[in-house]
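Trainee: Please pick one part of this model and take me through it closely. I would like a connected picture rather than a list.

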Amino acid sequence: MTKLSYINGLTLVLLLSGMSTPAFAGSEDVVVENAWSRASIGVNRPGAAYMTVRNTGEDTVTLTGLTTPLAVMPQIHETKTNADGVSSMAPADEITIEPGQSVALEPGGLHAMLMKLQNPMIEGETFPLTLTFSDGGEVTVEVPILGIAARGPES
C-alpha cells in the first residue's frame with residue numbers, strides 16, 4: 001500500500017467516525033461596534049483606534065493581532081496607571097473574549113495603537129482595520145477618523 005493510499009484511507013476513516021478537523025471558536029461570531037479614531041498631526045506620532053469587540057458565539061475567541069495599510073506597526077496596547085498616578089503603555093498579550101462578552105478598546109485602557117503612520121489621519125476620512133484571531137479568521141472594520149479632540153464615536 002502506498003503512503004498516499006494509506007493517508008487517504010486514514011482520512012476517510014476519521015471523517016466517517018466523526019473525528020474530522022478540530023473545532024475552533026469562530027471569528028465569524030465577532031461583532032465590532034462603535035469604531036472611531038482621532039485625527040493626527042502629521043505622521044510623526046502614533047495614532048490610535050477605539051471600538052468594542054463583542055463575541056456573539058458560544059465559544060471563546062482570541063484576538064491575536066491587527067493589520068492596516070495606514071500603519072506599519074499596528075498593535076493592541078494597554079495603558080496602566082501605577083499607585084503614584086504615572087501612566088504607561090505597553091503591548092498587550094492576546095485578548096481572550098468569552099462567549100457573550102465584549103472587550104472595550106478605549107482611551108486609557110486597551111486600544112489599537114497605530115505606529116509608524118503611512119499617511120496623516122485626516123478628520124472625515126476612514127481607514128480599514130483588520131482584527132486577526134487565533135482561528136485564522138479576520139474581521140475588517142472601516143474606522144472613521146473624528147476630530148483631534150474627539151472623546152468617543154458620538155463626537
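Mentor: Start with the largest pocket. It holds about 400 Å³ of space. Keep in mind that this is a predicted model. The lining of the largest pocket counts 18 residues. Nearest the centre lie R38, R45, P46, G47 and A48.

Which elements build the lining of the largest pocket, with at least two residues each? They are β2 and β8, the latter running over residues 110–117. Strand β2 gives the most, with three residues. Strand β2 itself covers residues 47–55. Follow those two strands outward.

Take β8 first. M113 sits in this strand. Is M113 buried or exposed? Its relative accessible area is 10%, below the 20% cut-off, so M113 is buried. Beyond its sequence neighbours up to four places away, M113 touches P46 and G47. Those two are also among the residues nearest the pocket centre. The other contacts of M113 are M73, P74, Q75, H77 and M89. M89 is 24 residues from M113 in sequence, and their C-alpha atoms are 9.7 Å apart.

Stay on β8 for K116. K116 is not a glycine, yet its phi is positive, at about 60°. Most residues other than glycine have a negative phi. K116 has a relative accessible area of 52%, over the 50% cut-off, so K116 is exposed.

Past β8 comes a loop that leads to β9 (126–133), and Q118 is in it. Q118 has a relative accessible area of 44%, which makes it partly exposed. What does Q118 contact outside its neighbours within four places in sequence? V43, P69, L70, A71 and V72. N44 also deserves a look: 74 residues separate Q118 and N44 in sequence, but their C-alpha atoms are 9.6 Å apart.

Now the β2 side. A48 is one of the residues nearest the pocket centre. A48 also belongs to a core of five residues, along with W36, Y50 and A150, among others. That core lies apart from the largest nonpolar core.

Two members of the five-residue core, W36 and Y50, deserve a closer view. The whole structure has one aromatic pair. A pair of aromatic rings is described by the distance of the centres and the angle of the planes. For W36 and Y50, the ring centres are 4.6 Å apart and the planes meet at 35°, so the pair is tilted. W36 belongs to β1 (residues 30–38) and Y50 to β2, so the pair ties together parts that are 14 residues apart in sequence. Both rings belong to buried residues: W36 has a relative accessible area of 4%, and Y50 has 6%.

Strand β1 also holds N34. Its phi is near 55°, positive in a residue other than glycine. N34 is exposed, with a relative accessible area of 52%.

R38, another residue nearest the pocket centre, leads to the C-terminal side. G147 touches R38, A39 and E123, with residues up to four places away in sequence left out. G147 lies in the segment after β10 (138–146). Its relative accessibility is 17%, so G147 counts as buried. S37 is 110 residues from G147 along the chain, and the two C-alpha atoms are separated by 8.4 Å.

Next, the largest nonpolar core. It has 30 residues. Those with the most contacts inside it are A49, M51, L114, F127, L129 and L131. What does L129 touch, leaving out residues up to four places away in sequence? The list is A49, M51, L66, T67, T68, A112, L114, V139, T140, V141 and V143.

Finally, the frame around all this. The protein has one helix and 10 strands. The helix comes at the start of the order, and the strands follow it. Of the 155 residues, 37% are buried. Among contacts with a separation of 6 or more, 68% join residues 24 or more positions apart. The exposed area is about 9,400 Å², with carbon and sulfur atoms supplying 53% of it.

Conventions. Residues numbered from 1 in each chain as written. Predicted model: local features only at pLDDT ≥ 70, side-chain atom pairs only at ≥ 80, totals over all residues. Heavy atoms only, no water. Core = buried A, V, L, I, M, F, W, Y, C linked by side-chain atoms within 4.5 Å. Buried < 20%, exposed > 50% of the residue type's maximum accessible area, 1.4 Å probe, protein only. Contact = heavy atoms within 4.5 Å. Helix = DSSP H or I, 4+ residues; strand = E, 2+ residues; numbered from the N terminus. Areas by Shrake-Rupley, 256 points an atom, 1.4 Å probe, with all protein chains shown as cover. Phe/Tyr/Trp six-rings, centres within 6.5 Å; stacked < 30°, edge-to-face > 60°. 1 Å grid on protein atoms, 1.4 Å probe; cavity = no way out; pocket = protein on both sides within 12 Å on 5 of 7 lines; lining within 4 Å. Points joined across faces, edges and corners; volume = space filled by probe spheres on them.
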